[in-house]
Amino acid sequence: MARITFNDQVYHCVNNESVLDCLTRHGVSIPSSCKSGVCQTCLMRGSKGKIPKDAQLDLKPSLVNQNYFFSCVCKPTQDINIHLPDEDINPKLIATVIQKNKLQPGILQLILQSQSPFNYQAGQFLNLTGANGITRSYSIASLPQANNQIELHIKKIASGNLSTWIFDELEIAQEVLISGPHGDCYYMTEHHRHQPLLLIGTGTGLAPLYGIIQDALYQKHTQAIHLFHGSRATTDLYLVDTLLALKKQHKNFNYTPCLSGSSSFSGATKGRADVIALQQHPKLKGWQVFLCGHPDMVNTMKKKSFLQGAALQAIHTDSFVHNHHVETPIKPN
Ligand SMILES: Cc1cc2nc3c(=O)[nH]c(=O)nc-3n(C[C@H](O)[C@H](O)[C@H](O)COP(=O)(O)OP(=O)(O)OC[C@H]3O[C@@H](n4cnc5c(N)ncnc54)[C@H](O)[C@@H]3O)c2cc1C
Ligand code: FES
(Lines give C-alpha, C1' and ligand atoms only; values in the text may rest on other atoms or scores of the structure.)
(Ligands and ions follow the chains in the order given, each with its own letter.)
Protein backbone atom coordinates (compact mmCIF):
# COMPACT_ATOMS: atom_id res chain seq x y z
CA MET A 1 0.00 0.00 0.00
CA ALA A 2 1.65 3.25 -1.17
CA ARG A 3 1.89 6.19 1.22
CA ILE A 4 1.45 9.78 0.08
CA THR A 5 3.11 12.59 2.02
CA PHE A 6 1.41 15.94 1.38
CA ASN A 7 1.78 19.06 3.56
CA ASP A 8 3.64 16.97 6.20
CA GLN A 9 0.69 14.56 6.56
CA VAL A 10 0.81 10.90 5.51
CA TYR A 11 -2.12 9.30 3.65
CA HIS A 12 -2.50 5.63 2.69
CA CYS A 13 -3.75 4.78 -0.82
CA VAL A 14 -6.15 1.83 -0.82
CA ASN A 15 -7.80 -0.30 -3.54
CA ASN A 16 -5.73 1.04 -6.42
CA GLU A 17 -7.14 4.54 -5.89
CA SER A 18 -5.67 7.67 -7.45
CA VAL A 19 -3.79 10.33 -5.49
CA LEU A 20 -6.75 12.68 -6.02
CA ASP A 21 -9.28 10.11 -4.73
CA CYS A 22 -7.08 9.29 -1.73
CA LEU A 23 -6.68 12.95 -0.72
CA THR A 24 -10.39 13.65 -1.33
CA ARG A 25 -11.34 10.63 0.81
CA HIS A 26 -9.31 12.18 3.64
CA GLY A 27 -11.08 15.54 3.26
CA VAL A 28 -8.19 17.28 1.46
CA SER A 29 -9.56 19.50 -1.31
CA ILE A 30 -7.57 19.52 -4.56
CA PRO A 31 -8.96 21.37 -7.62
CA SER A 32 -10.17 18.88 -10.26
CA SER A 33 -12.59 18.63 -13.18
CA CYS A 34 -12.42 15.87 -15.84
CA LYS A 35 -10.80 13.18 -13.65
CA SER A 36 -9.42 11.67 -16.85
CA GLY A 37 -5.95 13.25 -17.24
CA VAL A 38 -7.10 15.81 -19.83
CA CYS A 39 -7.94 19.20 -18.30
CA GLN A 40 -4.76 19.77 -16.21
CA THR A 41 -6.76 21.17 -13.26
CA CYS A 42 -5.45 18.60 -10.78
CA LEU A 43 -1.75 19.09 -11.56
CA MET A 44 0.62 18.26 -8.67
CA ARG A 45 4.38 17.90 -8.33
CA GLY A 46 6.41 15.03 -6.88
CA SER A 47 9.55 15.67 -4.81
CA LYS A 48 10.38 12.12 -3.67
CA GLY A 49 9.51 8.65 -4.99
CA LYS A 50 8.68 7.50 -8.51
CA ILE A 51 5.68 9.06 -10.30
CA PRO A 52 4.06 6.48 -12.65
CA LYS A 53 4.58 7.38 -16.34
CA ASP A 54 0.81 6.99 -16.99
CA ALA A 55 0.20 10.03 -14.81
CA GLN A 56 2.31 12.22 -17.09
CA LEU A 57 0.87 11.32 -20.51
CA ASP A 58 0.12 14.40 -22.66
CA LEU A 59 2.04 16.64 -20.25
CA LYS A 60 4.56 19.09 -21.74
CA PRO A 61 8.13 17.67 -21.52
CA SER A 62 9.21 20.72 -19.46
CA LEU A 63 6.58 19.81 -16.82
CA VAL A 64 7.48 16.11 -16.93
CA ASN A 65 11.10 17.09 -16.26
CA GLN A 66 9.95 19.02 -13.17
CA ASN A 67 8.08 15.90 -11.99
CA TYR A 68 4.59 17.31 -12.47
CA PHE A 69 1.75 14.80 -12.85
CA PHE A 70 -2.05 14.51 -13.01
CA SER A 71 -3.22 13.48 -9.55
CA CYS A 72 -6.57 12.16 -10.91
CA VAL A 73 -4.89 9.35 -12.86
CA CYS A 74 -1.83 8.82 -10.66
CA LYS A 75 -1.94 5.44 -8.90
CA PRO A 76 1.35 5.30 -7.01
CA THR A 77 3.11 1.96 -6.66
CA GLN A 78 5.60 3.26 -4.08
CA ASP A 79 5.72 5.96 -1.38
CA ILE A 80 5.75 9.50 -2.77
CA ASN A 81 6.04 13.06 -1.44
CA ILE A 82 3.90 15.55 -3.36
CA HIS A 83 3.04 19.28 -3.47
CA LEU A 84 0.60 21.66 -5.11
CA PRO A 85 1.98 23.23 -8.32
CA ASP A 86 3.97 26.47 -8.29
CA GLU A 87 1.61 29.40 -8.84
CA ASP A 88 3.19 30.44 -12.13
CA ILE A 89 2.59 27.00 -13.75
CA ASN A 90 -1.06 27.60 -14.59
CA PRO A 91 -1.70 31.30 -13.95
CA LYS A 92 -5.34 32.37 -13.79
CA LEU A 93 -6.32 35.47 -15.76
CA ILE A 94 -9.35 37.66 -15.17
CA ALA A 95 -11.89 37.75 -17.99
CA THR A 96 -15.08 39.80 -18.16
CA VAL A 97 -18.35 38.54 -19.61
CA ILE A 98 -19.29 40.82 -22.50
CA GLN A 99 -22.05 38.76 -24.17
CA LYS A 100 -24.34 35.85 -23.30
CA ASN A 101 -26.39 34.72 -26.30
CA LYS A 102 -28.74 31.74 -26.41
CA LEU A 103 -27.92 29.72 -29.56
CA GLN A 104 -30.58 27.20 -28.51
CA PRO A 105 -32.54 27.05 -25.23
CA GLY A 106 -29.85 24.75 -23.76
CA ILE A 107 -26.78 26.14 -25.55
CA LEU A 108 -25.13 29.42 -24.73
CA GLN A 109 -22.58 31.47 -26.64
CA LEU A 110 -20.43 33.15 -24.00
CA ILE A 111 -18.09 35.94 -25.10
CA LEU A 112 -15.33 36.86 -22.66
CA GLN A 113 -12.85 39.70 -22.78
CA SER A 114 -9.53 38.75 -21.22
CA GLN A 115 -8.01 41.62 -19.24
CA SER A 116 -4.48 40.55 -20.19
CA PRO A 117 -3.16 38.88 -23.34
CA PHE A 118 -4.37 35.28 -23.69
CA ASN A 119 -2.55 33.55 -26.53
CA TYR A 120 -4.34 30.56 -28.00
CA GLN A 121 -5.08 28.64 -31.18
CA ALA A 122 -8.71 28.29 -32.25
CA GLY A 123 -9.85 24.82 -31.14
CA GLN A 124 -7.75 24.64 -27.97
CA PHE A 125 -9.54 24.66 -24.64
CA LEU A 126 -9.32 26.76 -21.49
CA ASN A 127 -10.28 26.12 -17.90
CA LEU A 128 -12.93 28.48 -16.56
CA THR A 129 -13.43 29.02 -12.83
CA GLY A 130 -16.72 30.57 -11.70
CA ALA A 131 -17.49 32.58 -8.57
CA ASN A 132 -18.67 29.28 -7.04
CA GLY A 133 -15.04 28.05 -7.20
CA ILE A 134 -15.86 25.25 -9.70
CA THR A 135 -13.50 24.80 -12.66
CA ARG A 136 -14.46 23.17 -15.98
CA SER A 137 -12.92 23.04 -19.46
CA TYR A 138 -14.45 24.77 -22.49
CA SER A 139 -13.20 24.75 -26.08
CA ILE A 140 -12.44 27.99 -27.87
CA ALA A 141 -14.59 28.80 -30.91
CA SER A 142 -13.06 32.19 -31.77
CA LEU A 143 -9.94 33.19 -33.67
CA PRO A 144 -6.95 34.57 -31.74
CA GLN A 145 -7.12 37.67 -33.96
CA ALA A 146 -10.25 38.71 -31.99
CA ASN A 147 -8.49 41.19 -29.62
CA ASN A 148 -8.49 39.03 -26.48
CA GLN A 149 -12.17 38.23 -27.00
CA ILE A 150 -12.89 34.55 -26.45
CA GLU A 151 -16.01 32.74 -27.67
CA LEU A 152 -17.24 29.61 -25.88
CA HIS A 153 -20.31 27.41 -26.52
CA ILE A 154 -21.72 25.96 -23.33
CA LYS A 155 -24.36 23.24 -23.02
CA LYS A 156 -26.51 23.27 -19.92
CA ILE A 157 -26.12 19.95 -18.09
CA ALA A 158 -29.00 19.08 -15.76
CA SER A 159 -27.70 19.58 -12.19
CA GLY A 160 -24.30 20.49 -13.63
CA ASN A 161 -22.35 22.54 -11.11
CA LEU A 162 -20.70 25.04 -13.43
CA SER A 163 -22.86 24.98 -16.58
CA THR A 164 -26.07 25.78 -14.64
CA TRP A 165 -24.25 28.55 -12.76
CA ILE A 166 -23.07 30.04 -16.08
CA PHE A 167 -26.62 29.83 -17.50
CA ASP A 168 -28.57 31.02 -14.48
CA GLU A 169 -26.30 33.25 -12.39
CA LEU A 170 -23.38 34.62 -14.38
CA GLU A 171 -24.14 38.16 -15.51
CA ILE A 172 -22.82 40.53 -18.17
CA ALA A 173 -19.80 42.53 -16.83
CA GLN A 174 -19.15 39.89 -14.16
CA GLU A 175 -15.63 38.44 -13.96
CA VAL A 176 -14.50 34.82 -14.18
CA LEU A 177 -11.02 33.27 -14.06
CA ILE A 178 -9.51 31.52 -17.07
CA SER A 179 -6.33 29.48 -17.44
CA GLY A 180 -4.65 27.68 -20.28
CA PRO A 181 -4.86 27.29 -23.20
CA HIS A 182 -4.44 23.52 -23.41
CA GLY A 183 -4.85 20.82 -26.03
CA ASP A 184 -3.45 20.17 -29.48
CA CYS A 185 -6.67 19.98 -31.50
CA TYR A 186 -6.09 22.94 -33.81
CA TYR A 187 -5.26 23.88 -37.39
CA MET A 188 -1.56 24.01 -38.28
CA THR A 189 -1.25 26.05 -41.47
CA GLU A 190 2.13 24.74 -42.58
CA HIS A 191 1.12 21.06 -42.15
CA HIS A 192 -2.60 21.05 -42.99
CA ARG A 193 -3.07 23.72 -45.66
CA HIS A 194 -2.88 21.39 -48.66
CA GLN A 195 -4.75 18.39 -47.25
CA PRO A 196 -8.50 17.70 -47.13
CA LEU A 197 -10.05 18.14 -43.67
CA LEU A 198 -12.75 15.94 -42.14
CA LEU A 199 -14.35 17.45 -39.03
CA ILE A 200 -16.89 15.52 -36.98
CA GLY A 201 -18.54 16.92 -33.87
CA THR A 202 -21.46 16.17 -31.59
CA GLY A 203 -23.33 18.82 -29.58
CA THR A 204 -21.06 21.62 -28.39
CA GLY A 205 -18.19 19.66 -29.96
CA LEU A 206 -18.97 22.15 -32.72
CA ALA A 207 -17.20 24.88 -30.70
CA PRO A 208 -13.59 23.84 -31.41
CA LEU A 209 -14.51 22.76 -34.97
CA TYR A 210 -16.05 26.16 -35.69
CA GLY A 211 -12.80 27.78 -34.52
CA ILE A 212 -10.69 25.41 -36.64
CA ILE A 213 -12.85 25.99 -39.76
CA GLN A 214 -12.66 29.78 -39.40
CA ASP A 215 -8.89 29.50 -38.95
CA ALA A 216 -8.49 27.22 -42.02
CA LEU A 217 -10.58 29.59 -44.18
CA TYR A 218 -8.67 32.61 -42.81
CA GLN A 219 -5.37 30.86 -43.72
CA LYS A 220 -6.73 30.23 -47.25
CA HIS A 221 -6.91 26.44 -46.97
CA THR A 222 -6.50 25.02 -50.49
CA GLN A 223 -8.37 21.68 -50.19
CA ALA A 224 -11.89 20.58 -49.24
CA ILE A 225 -13.18 21.07 -45.68
CA HIS A 226 -16.03 18.69 -44.69
CA LEU A 227 -17.93 19.37 -41.47
CA PHE A 228 -20.42 16.82 -40.07
CA HIS A 229 -22.24 18.13 -37.02
CA GLY A 230 -24.52 15.68 -35.26
CA SER A 231 -27.00 15.55 -32.45
CA ARG A 232 -30.00 13.52 -31.40
CA ALA A 233 -32.45 16.42 -31.31
CA THR A 234 -32.83 19.64 -33.28
CA THR A 235 -32.32 21.53 -30.00
CA ASP A 236 -28.65 20.49 -29.98
CA LEU A 237 -27.99 21.55 -33.56
CA TYR A 238 -26.97 25.19 -33.63
CA LEU A 239 -25.22 27.81 -35.80
CA VAL A 240 -27.01 26.18 -38.74
CA ASP A 241 -27.70 29.48 -40.57
CA THR A 242 -24.17 30.75 -39.91
CA LEU A 243 -22.64 27.55 -41.30
CA LEU A 244 -24.95 27.52 -44.33
CA ALA A 245 -23.91 31.11 -45.05
CA LEU A 246 -20.24 30.13 -44.71
CA LYS A 247 -20.84 27.27 -47.17
CA LYS A 248 -22.28 29.72 -49.70
CA GLN A 249 -19.28 32.00 -49.27
CA HIS A 250 -16.56 29.33 -49.58
CA LYS A 251 -16.62 26.77 -52.39
CA ASN A 252 -14.30 24.36 -50.55
CA PHE A 253 -16.41 24.27 -47.35
CA ASN A 254 -19.09 21.57 -47.01
CA TYR A 255 -21.49 21.34 -44.08
CA THR A 256 -23.74 18.37 -43.21
CA PRO A 257 -25.99 18.72 -40.16
CA CYS A 258 -27.09 15.25 -38.99
CA LEU A 259 -29.93 14.16 -36.70
CA SER A 260 -29.88 10.70 -35.14
CA GLY A 261 -33.13 10.95 -33.12
CA SER A 262 -36.75 11.11 -34.20
CA SER A 263 -36.91 14.90 -34.73
CA SER A 264 -36.04 16.34 -38.13
CA PHE A 265 -35.79 19.51 -40.16
CA SER A 266 -35.33 20.06 -43.86
CA GLY A 267 -31.66 20.15 -44.73
CA ALA A 268 -30.55 17.73 -42.00
CA THR A 269 -29.32 14.24 -42.94
CA LYS A 270 -30.89 11.40 -40.97
CA GLY A 271 -28.40 9.35 -38.96
CA ARG A 272 -25.28 9.69 -36.84
CA ALA A 273 -22.70 12.22 -37.96
CA ASP A 274 -19.78 9.81 -37.59
CA VAL A 275 -21.47 7.02 -39.58
CA ILE A 276 -22.55 9.36 -42.39
CA ALA A 277 -19.12 11.00 -42.54
CA LEU A 278 -17.36 7.66 -43.00
CA GLN A 279 -19.93 6.46 -45.56
CA GLN A 280 -19.25 9.57 -47.64
CA HIS A 281 -15.48 9.58 -47.06
CA PRO A 282 -14.32 5.98 -46.60
CA LYS A 283 -10.68 6.55 -47.64
CA LEU A 284 -8.84 8.86 -45.27
CA LYS A 285 -5.23 8.41 -46.34
CA GLY A 286 -3.72 11.89 -46.63
CA TRP A 287 -6.58 13.57 -44.70
CA GLN A 288 -6.49 15.53 -41.45
CA VAL A 289 -9.29 14.39 -39.14
CA PHE A 290 -10.72 16.45 -36.25
CA LEU A 291 -13.07 14.74 -33.76
CA CYS A 292 -14.73 16.72 -30.98
CA GLY A 293 -17.47 16.22 -28.40
CA HIS A 294 -18.91 13.08 -26.87
CA PRO A 295 -16.08 10.84 -25.59
CA ASP A 296 -17.61 7.62 -26.99
CA MET A 297 -17.91 9.11 -30.50
CA VAL A 298 -14.36 10.50 -30.32
CA ASN A 299 -12.87 7.24 -29.10
CA THR A 300 -14.70 5.08 -31.65
CA MET A 301 -14.04 7.41 -34.57
CA LYS A 302 -10.37 7.68 -33.68
CA LYS A 303 -10.04 3.93 -34.20
CA LYS A 304 -12.22 3.89 -37.32
CA SER A 305 -10.42 6.84 -38.96
CA PHE A 306 -7.12 5.10 -38.33
CA LEU A 307 -8.43 1.83 -39.82
CA GLN A 308 -9.71 3.77 -42.84
CA GLY A 309 -6.29 5.16 -43.63
CA ALA A 310 -5.74 8.33 -41.57
CA ALA A 311 -2.30 8.48 -39.96
CA LEU A 312 -2.45 8.57 -36.14
CA GLN A 313 -0.70 11.95 -36.05
CA ALA A 314 -3.32 13.28 -38.51
CA ILE A 315 -6.18 12.53 -36.08
CA HIS A 316 -6.83 15.42 -33.69
CA THR A 317 -9.28 15.05 -30.84
CA ASP A 318 -11.03 17.15 -28.23
CA SER A 319 -12.93 14.68 -26.07
CA PHE A 320 -15.40 16.26 -23.63
CA VAL A 321 -14.63 13.68 -20.97
CA HIS A 322 -16.26 13.99 -17.60
CA ASN A 323 -15.76 11.81 -14.59
CA HIS A 324 -18.06 8.97 -15.79
CA HIS A 325 -15.99 8.35 -18.90
CA VAL A 326 -12.70 6.52 -19.27
CA GLU A 327 -10.66 6.79 -22.46
CA THR A 328 -9.24 3.64 -24.07
CA PRO A 329 -5.98 4.31 -25.91
CA ILE A 330 -5.40 3.04 -29.46
CA LYS A 331 -2.10 1.69 -30.66
CA PRO A 332 -0.96 1.01 -34.21
CA ASN A 333 -0.69 -2.76 -34.97
C1 LIG B 1 -11.20 19.26 -23.09
C2 LIG B 1 -12.67 19.55 -22.79
C3 LIG B 1 -13.34 20.49 -23.54
C4 LIG B 1 -14.70 20.74 -23.28
N5 LIG B 1 -15.34 21.68 -24.02
C6 LIG B 1 -16.65 21.92 -23.80
C7 LIG B 1 -17.36 22.90 -24.61
O8 LIG B 1 -16.81 23.55 -25.50
N9 LIG B 1 -18.68 23.08 -24.35
C10 LIG B 1 -19.34 22.37 -23.36
O11 LIG B 1 -20.57 22.59 -23.18
N12 LIG B 1 -18.69 21.47 -22.58
C13 LIG B 1 -17.37 21.25 -22.78
N14 LIG B 1 -16.70 20.33 -21.98
C15 LIG B 1 -17.42 19.72 -20.85
C16 LIG B 1 -17.33 20.68 -19.62
O17 LIG B 1 -15.97 20.76 -19.20
C18 LIG B 1 -18.13 20.18 -18.42
O19 LIG B 1 -17.87 18.84 -18.19
C20 LIG B 1 -19.62 20.40 -18.59
O21 LIG B 1 -19.91 21.77 -18.80
C22 LIG B 1 -20.39 19.91 -17.34
O23 LIG B 1 -19.91 20.60 -16.22
P24 LIG B 1 -20.88 20.87 -14.98
O25 LIG B 1 -20.03 21.42 -13.87
O26 LIG B 1 -22.04 21.68 -15.40
O27 LIG B 1 -21.40 19.42 -14.63
P28 LIG B 1 -20.84 18.49 -13.43
O29 LIG B 1 -21.20 19.09 -12.13
O30 LIG B 1 -19.39 18.22 -13.69
O31 LIG B 1 -21.62 17.15 -13.69
C32 LIG B 1 -22.94 16.94 -13.21
C33 LIG B 1 -23.39 15.55 -13.65
O34 LIG B 1 -23.53 15.53 -15.07
C35 LIG B 1 -22.67 14.56 -15.66
N36 LIG B 1 -22.12 15.18 -16.87
C37 LIG B 1 -21.14 16.10 -16.95
N38 LIG B 1 -20.94 16.48 -18.23
C39 LIG B 1 -21.82 15.77 -18.96
C40 LIG B 1 -22.09 15.70 -20.34
N41 LIG B 1 -21.42 16.45 -21.24
N42 LIG B 1 -23.08 14.86 -20.75
C43 LIG B 1 -23.77 14.09 -19.87
N44 LIG B 1 -23.54 14.12 -18.54
C45 LIG B 1 -22.59 14.94 -18.10
C46 LIG B 1 -21.57 14.30 -14.62
O47 LIG B 1 -20.99 13.00 -14.75
C48 LIG B 1 -22.35 14.45 -13.32
O49 LIG B 1 -23.06 13.28 -13.03
C50 LIG B 1 -15.37 20.05 -22.24
C51 LIG B 1 -14.67 19.10 -21.48
C52 LIG B 1 -13.34 18.83 -21.75
C53 LIG B 1 -12.60 17.82 -20.93
S1 FES C 1 -6.57 16.19 -15.53
FE2 FES C 1 -7.07 15.58 -13.52
S3 FES C 1 -9.01 16.43 -13.17
FE4 FES C 1 -8.63 16.84 -15.27
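## A walk from A173 to the ligand

Select A173: with a relative accessibility of 56%, this residue counts as exposed, because the cut-off for exposed is over 50%. You are looking at a predicted model.

**Stop: A173 and its backbone**

Where does A173 sit? Find the loop between helix 3 and strand 11, and A173 is there. Now check the backbone torsions: phi of A173 is positive, about 80°, although A173 is not a glycine. Why flag that? Because most residues other than glycine have a negative phi.

**Stop: N16**

Jump to N16 for another positive phi in a residue other than glycine, this one near 60°. N16 is part of the loop between strand 2 (9-12) and helix 1 (19-25). Buried or exposed? N16 comes out as exposed, at 57% relative accessibility.

**Stop: E17 and R25**

Stay in the loop between strand 2 and helix 1 and pick E17. At 12% relative accessibility E17 counts as buried, because the cut-off for buried is under 20%. Show side chains and add R25: the two meet in a salt bridge, 2.6 Å from N to O. R25, at 44% relative accessibility, is partly exposed.

Before leaving E17, select C74 too. How far apart are E17 and C74 in space? Their C-alpha atoms are 8.3 Å apart, while 57 residues separate them in sequence.

**Stop: D86 and R45**

The structure has six salt bridges, and a couple more of them are on this route. Select D86 and R45 and draw a distance: their side chains form a salt bridge at 2.9 Å, N to O. R45 belongs to strand 3 (residues 43-48) and D86 to the loop between strand 5 (80-83) and strand 6 (93-104), so this pair ties together parts that lie 41 residues apart in sequence. Colour by accessibility if you like: D86 is partly exposed, with a relative accessible area of 36%, and R45 is partly exposed as well, with 24%.

**Stop: K156 and D168**

Type in K156 and D168 for another salt bridge, this time 3.1 Å from N to O. The pair links distant parts of the chain, twelve residues apart: K156 is in the loop between strand 10 (149-155) and helix 3 (161-168), and D168 is in helix 3. How exposed are the partners? K156 is partly exposed at 33% relative accessibility, whereas D168 counts as exposed at 52%.

**Stop: ligand 1**

Centre the view on ligand 1 and turn on its surroundings. Which of the 23 residues around ligand 1 come nearest? They are R136, S137, Y138, H153 and S163.

Now go through some polar contacts:

- Pick the side chain of S163: one of its N or O atoms is 2.6 Å from an oxygen atom of ligand 1.
- Switch to the backbone of S139, where an N or O atom lies 3.1 Å from an oxygen atom of ligand 1.
- Try the side chain of T204, which has an N or O atom 3.2 Å from an oxygen atom of ligand 1.

Turn on a surface to see how much of ligand 1 is hidden: on its own, ligand 1 has 920 Å² of accessible area, and the protein covers 82% of that.

If you hide ligand 1, the space it takes is the second largest pocket. Which elements give two or more residues to the shell around ligand 1? Highlight strand 9 (135-139), strand 10, helix 3 and strand 17 (315-319). Strand 9 provides the largest share of the shell, with four residues.

**Stop: strand 11 and Q124**

Move on to strand 11 (residues 175-182) and select P181, which is part of it. Look at the peptide bond joining G180 and P181: this bond is cis, with omega about 0°. Most peptide bonds are trans.

For the last pick, add G183 and Q124. The backbone oxygen of G183 lies 2.8 Å from a polar atom of the Q124 side chain. Q124 itself is in the loop between strand 7 (107-114) and strand 8 (125-129). Buried or exposed? Q124 counts as buried, at 10% relative accessibility.

Key
Residues are numbered from 1 along each chain as its sequence is written. Chains are lettered from A and ligands numbered from 1 in the order in which they are written. This is a predicted model: local features need pLDDT of at least 70, side-chain atom pairs count only at pLDDT 80 or more; totals for chains, interfaces and linings use all residues. Side-chain values use heavy atoms; hydrogens and water are left out. A salt bridge is a side-chain nitrogen of Lys or Arg within 4 Å of a carboxyl oxygen of Asp or Glu. Buried means under 20% relative accessible area, exposed over 50%, partly exposed in between (1.4 Å probe, protein chains only). A residue is near a molecule or strand if one of its heavy atoms lies within 4 Å of it. A polar contact is a pair of N or O atoms within 3.5 Å; within protein, one must be able to donate a hydrogen and the other to accept it, and residues adjacent in sequence count only if both atoms are side-chain atoms. Accessible areas come from the Shrake-Rupley method with a 1.4 Å probe; for residues, only the protein chains shown count as cover. On a 1 Å grid over the protein atoms alone, a cavity is a set of points where a 1.4 Å probe fits but cannot get out, and a pocket is an open set with protein on both sides within 12 Å along at least five of seven lines; lining residues have an atom within 4 Å of a point. A molecule sits in a cavity or pocket if more than half of its atoms lie within 2 Å of its grid points.
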